[in-house]
Amino acid sequence: QVQLVESGGGLVQAGASLRLSCAASGRTFSSYYGWFRQAPGKEREFVAAISWSGDNTMYADSVKGRFTISGDNAKNTVYLQMNSLKPEDTAVYYCAPGVAFTREARGYLYWGQGTQVTVSS
């Protein structure tokens, strides 16, 4: 079992930056981690993923160029640096360890409680 704790969310104005953190404990090893988000009344959607084995990353088109996913394997922590935030980025953000380098939520096994990001216009 893996426990995940996301943090770093908050209320910011459009154009601001936030850095989300996801600390993993328990059976922490995973070659893949992803960030997803869910806005009220919407499906959970893919944001970014990282594959440490190949040092690969991928992003949703809506965040490409603005968000950066990274990780510190020694600290079992994954980060999501979010720049130039827009009101449409408002959502609860979740991280998860995955079994594959994928955009599909079914490729991820455990989910944290999420952290709220609210961007005002």
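**Strands, sheet and core of a predicted chain**

Asn-76 sits in the loop that links strand S7 (67–72) to strand S8 (77–82). The model is predicted. Phi of Asn-76 is near 50°, which is a positive value in a residue other than glycine. Asn-76 has a relative accessible area of 26%. Buried means under 20% and exposed means over 50%. Asn-76 is therefore partly exposed.

A second loop residue has a positive phi as well. Ser-84 lies in the loop between S8 and strand S9 (91–98). Phi of Ser-84 is near 50°, and Ser-84 is a residue other than glycine. The relative accessibility of Ser-84 is 41%, so Ser-84 counts as partly exposed.

The overall make-up of the chain comes next. The chain has zero helices and 10 strands. Read along the sequence, the pattern is β-β-β-β-β-β-β-β-β-β. The C-alpha trace spans about 40 × 25 × 25 Å along its principal axes. The chain has 121 residues, and for that number a compact globule would have a radius of gyration near 14 Å. The chain has 13 Å, which agrees. Of the 121 residues, 43% are buried. The accessible surface comes to about 6,200 Å². Carbon and sulfur atoms account for 47% of that surface. Contacts between residues at least 6 apart in sequence were also examined. Among these, 55% join residues at least 24 apart.

Strands of a sheet pair through backbone hydrogen bonds, either parallel or antiparallel. In this chain, six strands form an open sheet with mixed pairing. Their order is S2-S10-S9-S4-S5-S6. Strand S2 (10–13) and strand S6 (56–59) stand at the edges. Each has a single partner strand, so one side of each is left without a neighbour in the sheet. The twist averages 20° from one strand to the next. Within the sheet, strand S4 (residues 32–38) pairs with strand S5 (residues 45–51). The two strands run in the antiparallel sense, and six bridges join them. One bridge sets Tyr-32 against its partner in S5, Ser-51.

The largest nonpolar core has 33 residues. Those with the most contacts inside this core are Trp-35, Val-47, Phe-67, Ile-69, Leu-80, Met-82 and Tyr-93. S5 gives the most to the core, with five residues. Leu-80 shows what such a core residue touches. Neighbours within four places in sequence are left aside here. Beyond them, Leu-80 is in contact with Trp-35, Val-47, Phe-67, Ile-69 and Tyr-93. Leu-80 also contacts Leu-18, Arg-19, Leu-20, Ala-48 and Thr-68.

Gly-26 offers another local view. Gly-26 lies in strand S3 (residues 18–26). The relative accessibility of Gly-26 is 53%, so Gly-26 counts as exposed. Leaving aside neighbours within four places in sequence, Gly-26 is in contact with Gln-1 and Gln-3. Gly-26 and Arg-66 are 40 residues apart in sequence. In space, the two are 31 Å apart, C-alpha to C-alpha.

Technical notes. Residues are numbered from 1 along each chain as its sequence is written. This is a predicted model: local features need pLDDT of at least 70, side-chain atom pairs count only at pLDDT 80 or more; totals for chains, interfaces and linings use all residues. Side-chain values use heavy atoms; hydrogens and water are left out. Helices (H or I, at least four residues) and strands (E, at least two) are DSSP runs, numbered from the N terminus. Buried means under 20% relative accessible area, exposed over 50%, partly exposed in between (1.4 Å probe, protein chains only). Two strands pair if DSSP finds at least two bridges between them. Axes are lines fitted to C-alpha atoms, for helices over the stretch in contact, and angles run from 0 to 180 degrees between N-to-C directions. A nonpolar core is a set of buried Ala, Val, Leu, Ile, Met, Phe, Trp, Tyr and Cys residues joined through side-chain atoms within 4.5 Å. Contact means heavy atoms within 4.5 Å. The radius of gyration is taken over C-alpha atoms; the globule rule is 2.2 Å times the number of residues to the power 0.38. Accessible areas come from the Shrake-Rupley method with a 1.4 Å probe; for residues, only the protein chains shown count as cover.
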